[in-house]
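Me: I'd like to practise reading a fold with you. Could you take me through it feature by feature?

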Amino acid sequence: DMLFAHESHAVIMIFQGMDGSGKDEAIGDVLSHIDPQGCKATKFNAPTEGELRHDYQRRFVKALPECGQIGIYNRSYYEHLVGDRIHLDRVKQWKMQPKVKGDDLWQQRFREVNNMEQYLSDNGYLVLKFFLHVSKERQCERLLERLTHPEKKWQFSMSDMDDRKRWNQFQKIYEETLQNTNTKAAPWYLIPSDHRWFAHLAVASAVVEGLKSLHQRYPALTKEETEQMKAAQSQLEKEMKTAGR
């Protein structure tokens, strides 16, 4: 079990991937090993009317975890670097429109995301980004599961089928996005996700290493705190002895 509580850091875990790549399952598995008191998962669906009245980054900034907390993003602002690029009508929905148009817009967004993640890293955030890569054949199996299993039908959306028709386009744009946003401050972990057990193990391993990098040493106790703990230990041991244990 993992409990994260750090006096000067927070953690952001970003999960991206095609539909059926296993983001929900991976997040659920990671969460099952983390104390829920210090962890919050946010699933970002299509922006609401209220969110569309602001810039595209605002809702993600609002969900940033506090110091000592872990924030998990199920999808993220990367949807606005990939999905919006394929469905260009989505860009026009925002009230606050970018000044640049065409291909220059995506180069601008690469810079914006890199600058924001650099800022977060410089100010105490550990940014862990996971791209779960699923093959087209495995995605077909998982989408079919959603249609044939009653408990999974709620997960299916016709938009999954629409995006599947644009598979090659998605792969090309994801590849360009990952290349342009893979930085020292916030590198990508590319996780093969055809086999869930392997994907979960790889994600967990990266999370553990990331958390270890923040815990160079345990917090130092003051002399007063040390004496109080010794007194408490002595009292508890005395009670155990009295109880015959």
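Me: Let's start with the rings. Which residues form one aromatic cluster?

Reply: Keep in mind that this is a predicted model. Look for rings that link up through neighbouring pairs: here F44, F60, Y73, Y77, Y78 and W188 make up one cluster. Searching the whole structure gives 10 aromatic pairs.

Me: Which residues have the most contacts inside the largest nonpolar core?

Reply: A core is read as a set of buried nonpolar residues joined through their side chains. This one has 31 residues, and Y73, Y77 and Y78 have the most contacts inside it. Those three tyrosines also belong to the aromatic cluster.

Me: And which element gives the largest share of this core?

Reply: Helix 7, with 5 residues. Among the other elements giving two or more residues are strand 1 (10–17) and helix 4 (103–122).

Me: What lies over the face of Y56?

Reply: For a charge over a ring, check the distance to the ring centre and the angle to its normal. R109 lies over Y56, 4.3 Å from the ring centre.

Me: Now the outside. Is W197 buried or exposed?

Reply: Exposed counts as over 50% relative accessible area. W197 is exposed because its relative accessibility is 61%. This tryptophan lies in helix 8 (residues 196–214), and together with F198 and L201 it makes a nonpolar surface patch of about 370 Å².

Me: How many helices and strands are in the protein chain?

Reply: There are 9 helices and 5 strands, and buried residues account for 42% of the chain's 245 residues.

Note on methods:
Residues are numbered from 1 along each chain as its sequence is written. This is a predicted model: local features need pLDDT of at least 70, side-chain atom pairs count only at pLDDT 80 or more; totals for chains, interfaces and linings use all residues. Side-chain values use heavy atoms; hydrogens and water are left out. Patches are made of residues with over 30% relative accessible area and no salt bridge: like charges are joined within 9 Å, nonpolar side chains (Val, Leu, Ile, Met, Phe, Trp, Tyr) within 5 Å. Accessible areas come from the Shrake-Rupley method with a 1.4 Å probe; for residues, only the protein chains shown count as cover. A salt bridge is a side-chain nitrogen of Lys or Arg within 4 Å of a carboxyl oxygen of Asp or Glu. Helices (H or I, at least four residues) and strands (E, at least two) are DSSP runs, numbered from the N terminus. Buried means under 20% relative accessible area, exposed over 50%, partly exposed in between (1.4 Å probe, protein chains only). Rings of Phe, Tyr and Trp (its six-membered ring) pair if their centres lie within 6.5 Å; planes under 30 degrees apart count as stacked, over 60 as edge-to-face and the rest as tilted. A charge sits over a ring if NZ of Lys or CZ of Arg is within 6 Å of the ring centre and within 35 degrees of the ring normal. A nonpolar core is a set of buried Ala, Val, Leu, Ile, Met, Phe, Trp, Tyr and Cys residues joined through side-chain atoms within 4.5 Å.
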